[in-house]
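Visitor: I should like a close look at one part of this structure, chosen by you. Please describe what borders on that part, and then how it connects with the rest of the chain.

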Amino acid sequence: MVIALLTDFGTKDYFVAAMKGVILSINPKAAVVDITHEIPPQDVWTGAFVLKSAYKWFPRGTIFLAVVDPGVGTERAPLIIKTRRYFFVGPDNGLLSLAAEEDGVEELYRITASLPQTSSTFHGRDVFAPAAAYLSLGVEPPMLGIPTSQWTKLTMPKPRLENGVLYVNVIYIDRFGNAYTSAGAEIYQIASVGDKLCVETPAGEVSATFVKSYGYAQPGEAVMLVNSEGYLELAISMGNAAAKYGLKPGQELKIRICQQK
């Protein structure tokens, strides 16, 4: 059984290794896969977005163990979510919600099982890792927690089109500095490939060419394109758009045609 891990722990410390150690002590045959441990610290939204983007490519039955948990040790609940095809394990702070809702939530449980000695600061090791490991052995969720209907959900912002201007929000910055936005195919309501787009950013207005893929741009050229996940993104060919334009998740951008091809 596959257990896929996502955290904001990084790889410098022992945290991820400790979680894997707990999992493998309970189920030595578990196939433990790393999605990423480089979510920015305490950035629940980015963790939720990355989980949503990755989960659907895993085999049916995969258990997703996600820990971005600034509320660790408080009254926030530890959750198991059973969806149509998967299990999600992690804190009830919205981290699991984008992926779980997309796949279709069937059952929710508040985890009550844990290691015999449980810290107040490392539930990834003491609560979530054991739950994921026991699920991988075929233990049913009611043996690990109690049913609940209360949980925290995040909401993906929606683009809007007004008077020829497309209003979008930055939802993710990848390692190349490309800024994913909340729009996708909506861009085709105002533009065609080859058009010049005027994009209002925190650093001022940017002229970006609407292209099919990065290879159609010259090095250093600002572009917009619909990426592999279906999101409209602002990028710089061979450069870093987020750094140059001061882009961060949550910011609003305004996009309009400034010149047609």
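Guide: Helix α2 and strand β9 (165-173) each supply at least two residues to the lining of the second largest pocket, and this pocket is the part I have chosen. The model is a predicted one. The volume of the second largest pocket comes to about 230 Å³. Its lining consists of T36, E38, I39, P40, D43, T46, V50, Y172, I173, D174, R175 and P249. By character, six of these residues are nonpolar, two are polar and four are charged.

The α2 side may be taken up next. Helix α2 covers residues 44-54, and 11 of its 11 residues are buried. T46 and V50, which belong to the pocket lining, are among these buried residues of α2. The buried set also includes V44, W45 and F49, and with them K52. For a residue to be called buried, its relative accessible area must be under 20%.

Before α2 comes a loop that joins it to β2, and Q42 lies in that loop. The backbone of Q42 has a positive phi of about 65°, although the residue is not a glycine. In general, most residues other than glycine have a negative phi. Is Q42 buried or exposed? Q42 counts as exposed because its relative accessible area is 51%, and the cut-off for that class is over 50%. D43, the next residue in the numbering, is part of the pocket lining.

The surroundings of α2 lead to the main sheet. This sheet is open and has seven strands in the order β2-β1-β3-β5-β4-β6-β7, with mixed pairing. Strands β2 (31-36) and β7 (145-147) stand at its edges with a single partner strand each, so each has one side without a neighbour in the sheet. On average, and with direction ignored, neighbouring strands are turned by 25° against each other. In general, strands of a sheet pair through backbone hydrogen bonds, either parallel or antiparallel. One antiparallel pair here is formed by β4 (residues 78-83) and β5 (residues 87-91), over five bridges; in it, P78 stands opposite P91 in β5.

Helix α2 packs on this sheet and touches β1 (2-7), β2, β3 (63-67) and β5. Its direction makes about 125° with that of β2. Helix α4 (residues 123-136) also packs on the sheet, where it touches β1, β3, β4, β5 and β6 (105-111). The direction of α4 makes about 175° with that of β3. In this way β1, β3 and β5 are touched by α2 and by α4.

The β9 side of the pocket brings in a further stretch of chain. P159 is placed in the loop between β7 and β8 (160-162). Among the residues that P159 touches are L166, Y167 and V168, together with S182, A183 and E186. The C-alpha atoms of P159 and E186 are 7.9 Å apart, although 27 residues separate the two along the chain. P159 is classed as partly exposed because its relative accessibility is 22%.

For comparison, the largest pocket has a volume of about 280 Å³. Of the 14 residues that line it, D8, F9, D69, V72 and T121 are the closest to its centre. Its lining divides into eight nonpolar, four polar and two charged residues.

Two residues further along the chain complete the account. A208, in strand β12 (residues 204-210), is buried because its relative accessible area is 0%. The contacts of A208 include D195, L197, V223 and L234. Another of them is A222, whose C-alpha atom lies 4.7 Å from that of A208 at a distance of 14 residues along the chain. M238, by contrast, is exposed, with a relative accessibility of 78%. M238 is found in the loop between β14 (232-236) and α5 (241-245) and has a positive phi of about 60°, although it is not a glycine.

The whole chain provides the frame for these details. Its secondary structure comes to five helices and 15 strands, and its C-alpha atoms fill a box of roughly 65 × 35 × 30 Å along the principal axes. Of its 261 residues, 51% are buried. Among contacts between residues at least 6 apart in sequence, 65% join residues at least 24 apart.

Conventions. Residues are numbered from 1 along each chain as its sequence is written. This is a predicted model: local features need pLDDT of at least 70, side-chain atom pairs count only at pLDDT 80 or more; totals for chains, interfaces and linings use all residues. Side-chain values use heavy atoms; hydrogens and water are left out. Two strands pair if DSSP finds at least two bridges between them. Helices (H or I, at least four residues) and strands (E, at least two) are DSSP runs, numbered from the N terminus. Axes are lines fitted to C-alpha atoms, for helices over the stretch in contact, and angles run from 0 to 180 degrees between N-to-C directions. Contact means heavy atoms within 4.5 Å. Buried means under 20% relative accessible area, exposed over 50%, partly exposed in between (1.4 Å probe, protein chains only). On a 1 Å grid over the protein atoms alone, a cavity is a set of points where a 1.4 Å probe fits but cannot get out, and a pocket is an open set with protein on both sides within 12 Å along at least five of seven lines; lining residues have an atom within 4 Å of a point. Grid points are joined across faces, edges and corners, and a volume is the space filled by probe spheres set on the points. Ala, Val, Leu, Ile, Met, Phe, Trp, Tyr, Cys and Pro count as nonpolar, Asp, Glu, Lys and Arg as charged, and the others, Gly among them, as polar. Lists of a residue's contacts leave out its neighbours within four places in sequence.
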